[in-house]
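Here is a short tour to follow with the structure open beside you. It moves from one local spot to the wider architecture, topic by topic.

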Amino acid sequence: MATGKNPLFDTATTLGKILMFLGVSAICGVLVAGLLVPAAAVSGSAASGSIQFFDTLPAELKVDPPSQSTTILASDGSVIANLYAENRTRVSLDQMSPYIKDAIIAIEDSRFYEHGGVDTTGILRAIVSTARGNKQGASTITQQYVNNVINSSLEAEGKGDEVLLNGVNKGVGDKLREMKLAIALEKKFTKEQILEGYLNIVFFNRDAYGIEAASKFFFSTTAKDLTLPQAALLAGVVNSPSFYDPITNPDNAKARRDLVLKAMLTQGKIKQADYDAAVATPVQTKVTQPRQGCAYSTTAPYFCDYVLHLLLNNPAYGADAAERERKIFRGGLTIKTTLDPNAQAVAQAQVDGSAGANPDKWGASLVSVQPGSGKIISMAQNTVWFPADGKFDQTQNFNVDSQDAKGNDLNGLGGFQPGSTMKPFTFAEWLDEGNSMNTQLNGAVRRYPQNFPWKNTCPAPTVGWYDATNGTHDLQNAEEGYYKYMSVVDGLANSINTITFATAARVDLCGIQKIVDAVGIHGGLPTADNPNPQVPMTTLGNLIGSTQTAPLTMASAFATFAADGKYCEPIAIDSVTDASGAQLPAQTPNCKDAIKPEVARGVAYAMQEVLNRGSGSLIQPRISTRTTFPIAAKTGTNDNNSSTWVAGYTTGLATATWFGDPLGNQQRAGQNVTVNGKFYKGIDGYMIAGPQFSNYMAQVAPAYGTNPFPAPPSSMLNSPVAPPRASTPTSESTAPATDAATPPSADPSPAPEPTKSKKK
């Protein structure tokens, strides 16, 4: 900061130099007196006051580890992302090049191994130099370390405005405190410990704190592998990181580097030949720009962000949001997640390929979990975090809820209408009540008026109805030809709405609700008044999925069938350790028995038929052109084709894939549209979400187990009448009814055969 000059005190004049010398000497005398003699031995009120102040200063300095980078890892230990407030990776002294140790001592504190924390010789030398007009600092490396530790603690506590910088806003009292703490520090730690601490904490540039981060940033190397010219340059940067920045001020950086080299030569730390070669080396940087945060993850940015939100919401990491943020971004944590990077790569390739160039911004997502543990194996969507080259940019996660059950932000979109992926839960209640899946029901019933006698032992009222004579429309299937008698299993395999409603009409709606709740299905848009919204099956439209739910919710629900009826909450974090190696709270499997094992087996049997001969027969995953494996799945499409799904599982992996409109309120119809160069009159679940599912499972599922599903009890298969077989589709144009998600209502009397209906 510029100040006005009094000619009498101008250090350019002889008198000014003398006065400056005397003034600085007086201050120095007070400091040295405070260090070396007790207060009673000093005369003069000013000196006595200073020493009394000195004696009241704390002799101990709490040396906490400096702010360090947190690393999020995949299950195999590969890095997903780094998080930090200060880009720093701590390394031990033996992991640093000898050149950097010698260089920093040579230029910053040549008497480092001789003084006890404060160098009185250096102070006097600085006074003389300053009196001659050449300002020179006298802080030892120990004093600088003290200053950095204090400032680092203030930053970590959110008190950045209290940070004191050398020569800028320090008073005599601040300097006294620093000196006393330096002396105390020298009594507690060895020189090597102090030097190691200093080189790990010192600031090099806004993207590099500590020698390891600086080595990577400026030279794309490690502190251990720094060459002599590189080490000398970095040692020079410390004095003024901006002025000596080799990227923006290479000439200044070279001059400072050569000064460091000269000091090393003079002090006998290098030989003349080394000096000559180093001085002749041009200043050349090879920058590795740090990518801080989940947004820069190249493998799984949205999964990473989900993990970060889980930690930020966890009270175990701090009493409030600010404390948790400090813990995560400054604590040097190592967070090992459940993500399988190989599965993630396949998932990302599938969703990226679904819409191609995607000028219309159709959304695609895929998430998979491990049955029996709830571990999230992959989580992908076809967007980028930042706008780039016309890419579909989006920060919200397509796969998860908008908030958790406590109302904490998860940065999720909140899900989509699940369509006919809800039908297996009505089928499960049918089996749970002891019925055979081969029972024939009347699929011609299309009217369910408001007074229809549903069985509902729960207190919630039945709402929603289908009845063209009373102002709504009749219940519709996706295709003609299915308004007839057929077995319950055929109705599920071919996703026939009228059979689903006929099934629901003969069971307790409350039972369906209990199954849906037990397998974790809930609305994806919590509110303060309803933090864990129920998907109410008494709203009859939800028999075929009209409430918004997240893909992760659906994958976890379907994993319940794969795990013989055991539901596990999804988890993403296997372990967390801090910088000292201590274990911090992570996530452990939280599972419960949700449905009967025999019911889960019956559902698996039926949903294999979806792929064998039903609405998903065109997307049967194959390891080769002929080889398949046991797999169960269900397609799903909402009423205007804006939300299409396939959710399914093997014994070892459950996956939900989605394709549709993620924008605004998700009202854009997926009808008469061109996606990835192909025209669709109406997008159904098996058309785009289907191949995503099929290709992904074919490549990933075998690694997690594709054993045969246990057979259901024979009582579930018995039927006095052989059920009629649905024809197997040979192409999309001849595919049978796949999905339909319309509002609720119906009538027990058969209706005439309709013309081809509007899609689900």
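Lysine 361 sits in the loop that links helix 14 (341–354) to strand 6. Keep in mind that this is a predicted model. The chain folds into 21 helices and 18 strands, and buried residues account for 55% of its 760 residues. Among contacts between residues at least 6 apart in sequence, 72% join residues at least 24 apart.

**Loop residues with positive phi**

- Lysine 361 has a phi near 60 degrees, which is a positive value in a residue other than glycine.
- Lysine 361 counts as partly exposed because its relative accessibility is 31%, and the range for that class runs from 20% to 50%.
- Asparagine 641 also belongs here, with a positive phi near 65 degrees in a residue other than glycine.
- You will find asparagine 641 in the loop between strand 14 (632–637) and strand 15 (643–649).
- Is asparagine 641 buried or exposed? Its relative accessibility is 1%, so asparagine 641 counts as buried.

**The hairpin of strands 6 and 7**

- Strand 6 (residues 363–369) and strand 7 run antiparallel and are joined by five bridges.
- Within this pairing, serine 368 stands opposite serine 378 of strand 7.
- Six residues lie between the two strands of the hairpin, and glycine 372 takes a positive phi near 90 degrees there.
- Strand 7 (residues 376–381) is largely enclosed by the rest of the structure, because six of its six residues are buried.

**Leucine 339 and its surroundings**

- Leucine 339 is placed in the loop between strand 5 and helix 14.
- With a relative accessible area of 1%, leucine 339 is buried, as the cut-off is under 20%.
- Leaving aside neighbours within four places in sequence, the contacts of leucine 339 include Ile376, Ile377, Ser378 and Met379.
- Ala74, Ser75, Ile80, Ala300, Phe303 and Gln344 are also among the contacts of leucine 339.
- Leucine 339 and isoleucine 573 are 234 residues apart in sequence, yet their C-alpha atoms are 8.8 Å apart in space.

**The five-stranded sheet**

- In what order do the five strands of the open sheet run? The order is 2-1-5-11-12, and the pairing is mixed.
- Strand 2 (79–83) and strand 12 (583–584) are the edge strands; each has a single partner strand, so one side of each is left without a neighbour in the sheet.
- Strand 5 (residues 334–337) and strand 11 (residues 573–577) run antiparallel, with four bridges between them.
- One pair to look for is lysine 336 with serine 575, its bridge partner in strand 11.
- As a general reminder, strands of a sheet pair through backbone hydrogen bonds, either parallel or antiparallel.

**Helix 13 and its ends**

- At the N-terminal end of helix 13, aspartate 320 acts as a cap: one of its side-chain oxygens lies 3.3 Å from the backbone nitrogen of alanine 322.
- Along helix 13 (residues 321–330), the buried residues are Arg324, Ile328, Phe329 and Arg330.
- After helix 13 comes glycine 332, which has a positive phi near 60 degrees.

**Helix 3 against helix 7**

- How do helix 3 and helix 7 (residues 191–201) meet? Their axes come within 11 Å and cross at roughly 90 degrees.
- That crossing makes helix 3 roughly perpendicular to helix 7.
- Helix 3 contributes Ile100, Lys101, Ile104, Ile105 and Glu108 to the contact, while helix 7 contributes Leu195, Tyr198 and Leu199.
- By class, the residues of this contact of helix 3 with helix 7 comprise six nonpolar, no polar and two charged.

**Aspartate 119, in the loop after helix 3**

- Aspartate 119 lies in the loop between helix 3 (98–108) and helix 4 (120–131).
- Aspartate 119 counts as buried because its relative accessibility is 4%.
- The side chains of aspartate 119 and arginine 111 are joined by a polar contact of 2.8 Å.
- Not counting residues up to four places away in sequence, aspartate 119 touches Arg111 and Thr140.

Key: Residues numbered from 1 in each chain as written. Predicted model: local features only at pLDDT ≥ 70, side-chain atom pairs only at ≥ 80, totals over all residues. Heavy atoms only, no water. Buried < 20%, exposed > 50% of the residue type's maximum accessible area, 1.4 Å probe, protein only. Polar contact = N/O pair within 3.5 Å; in protein donor to acceptor, adjacent residues only side chain to side chain. Contact = heavy atoms within 4.5 Å. Pairing = 2+ DSSP bridges. Axes fitted to C-alpha atoms, helices over the stretch in contact; angles between N-to-C directions. Parallel < 35°, antiparallel > 145°, perpendicular 65-115°, else oblique. Nonpolar A, V, L, I, M, F, W, Y, C, P; charged D, E, K, R; others polar.
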